[in-house]
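Please open the structure in a viewer and keep the selection panel at hand. The tour moves from enclosed space to a helix and then to open space.

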Amino acid sequence: MTAYFIRRLLLVIPTFIGITIMVFTITRFVPGGPIERIIAETRAMQMGEQGGRSRAQAGQGQPLSDDQIKKLEAYYGFDKPVLQSYGVWLLKVLKGDLGRSTRYQDPVWDMIKERIPISLYFGVLSMVVIYGVCIPLGVAKAVHHNSGFDNITSGVIFAGYAIPGWVAGVIMLVIFASRLDLFPLGGLASDYFADMTIWEKIRDVAWHTVLPLLSYVIGSFTVMTLLMKNTLMDNLSADYVRTAIAKGLSFKQAVFRHALRNSLIPIATSFGNNVSILLMGSFLIEKVFNIDGMGLLGYESILDRDYPVVMGILVISSLLFMVGNILSDVCVAVVDPRVRFK
C-alpha cells in the first residue's frame, strides 16, 4: 500500500500540469482580457471628455497606439508563445509567486490568503454538521425503516434536496431576516464588531453564521443520509449479521459492532473529495449573504477576466482535489482493513 500511495502522489505532478496548462491556454484566447479592458476603459474616458458631440467617432477609433498595445502585451506576458508563457508562470508558482491581479494590482496570494479563513470556517462547520447529523440520522432511519420517523424525515430531507442552497438562502433571508428580523441580512459580523467584548464577538459571528451554514448543508443532507441508510440496510440483511444475531448478539450489538463499520466505507470514499469544498465554498451562497470568501473571489475574477487570480485559485483547488482523492483511499483503508491497494 505504501508503494501505491507513493505512485498516487507522483501522479499529482503530471495531472497538475495537465489541468493548469489547459486552463492557461484557454485564458490566452478568451476575449475580454486585461488589454481589452484597458482599451475599453480608455475609450470610455475619451468619450466622457469629448462629451456628446463626437461619441460615435470616439467609439470607432483605437484609443491606444500600436506601441502602447505592444508594451501592454509585454507587461502581461502576451507577447510570448503560450508554452513559453506557461513555463514562466509555472516557475513563479514553484517559487510561491502566484502573480499579481490585473484588476487590482494586488498580489494574488494576499488576496486568496485574506479569504481562506472565511471559507475554511464555513467549510469545516459544514463538514462537522453534515457528518455529525447524517450518519446518526441514516443509522436511525435504517433501524426504523418504514416507520413514521423514517417517512417524515425522508420527506423533510427530500424537500431540502429539491431546493438549491442559494435559493434556500434567499428564502431564509426574506422570512427570518427581513420579515421576522431574527437574523442579519448578510455579512459575517456587525458594523460595531470591533467595539464588542470577546463573548459578544463570538455570539455575533454565530448569529451571522446560522443562515449561511444552513444554506451550505441543506443539499448534502439527503445524499449523505440516504447513502448511510441504504448501505446499512444492505449490511443488516447480509449473512454475517444474521449469523452474529443467531450466535447470541443483540440486534444493537450486531449493528454497531459489525454492520456499521462496513457501512461507513462509502462515506469514507467521499470524505476526501470534500476537502476541496472546504476552501472553495459556493459563490452563489456567498453572493446571497455578502460573504467575501474564496467562492465569491473566484466568481468575480472570472467575470473581470482577472486571469492571475483565476489561475491562483485553480492551483489551490486542483491540488486540494487531488490530495483529497488520495485521502479518500486512506480513509477507506482505515475503515476497512481488508482493503489492499495495488
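What volume does the largest cavity have? In this predicted model, its volume is about 40 Å³. The structure holds one cavity of 30 Å³ or more.

To display the walls of the largest cavity, select F183, P184, G186, G187, W207, H208, L211, P212 and F289. Colouring this lining by class gives six nonpolar and three polar residues, with no charged residue.

Next, select residues 251–271, which form helix α12. The 21 residues of α12 reach 28 Å from the first C-alpha to the last, close to the 30 Å expected at 1.5 Å a residue. Centre the view on A259, where α12 has a kink of about 45 degrees. A259 is also among the buried residues of α12, together with A254, V255, L260, S263, I265, I267 and A268. To see what covers these buried residues, add α6 (108–143), α10 (220–236), α11 (239–246) and α16 (307–335), which are included in that cover.

Helix α16 leads on to the last stop, since it also supplies at least two residues of the lining of the largest pocket. This pocket holds about 600 Å³ of space. Select Y75, Y76, G77, K92 and P308, which lie nearest the pocket centre among its 24 lining residues. Then show α1 (2–29), α4 (66–76) and α5 (82–94), each of which likewise supplies at least two lining residues. The largest share, four residues, comes from α5. Coloured by class, the pocket lining shows 12 nonpolar, seven polar and five charged residues.

Key. Residues numbered from 1 in each chain as written. Predicted model: local features only at pLDDT ≥ 70, side-chain atom pairs only at ≥ 80, totals over all residues. Heavy atoms only, no water. 1 Å grid on protein atoms, 1.4 Å probe; cavity = no way out; pocket = protein on both sides within 12 Å on 5 of 7 lines; lining within 4 Å. Points joined across faces, edges and corners; volume = space filled by probe spheres on them. Nonpolar A, V, L, I, M, F, W, Y, C, P; charged D, E, K, R; others polar. Expected span 1.5 Å × (residues − 1). Bend = angle between axes of the 7 residues up to and from the residue. Buried < 20%, exposed > 50% of the residue type's maximum accessible area, 1.4 Å probe, protein only. Contact = heavy atoms within 4.5 Å.
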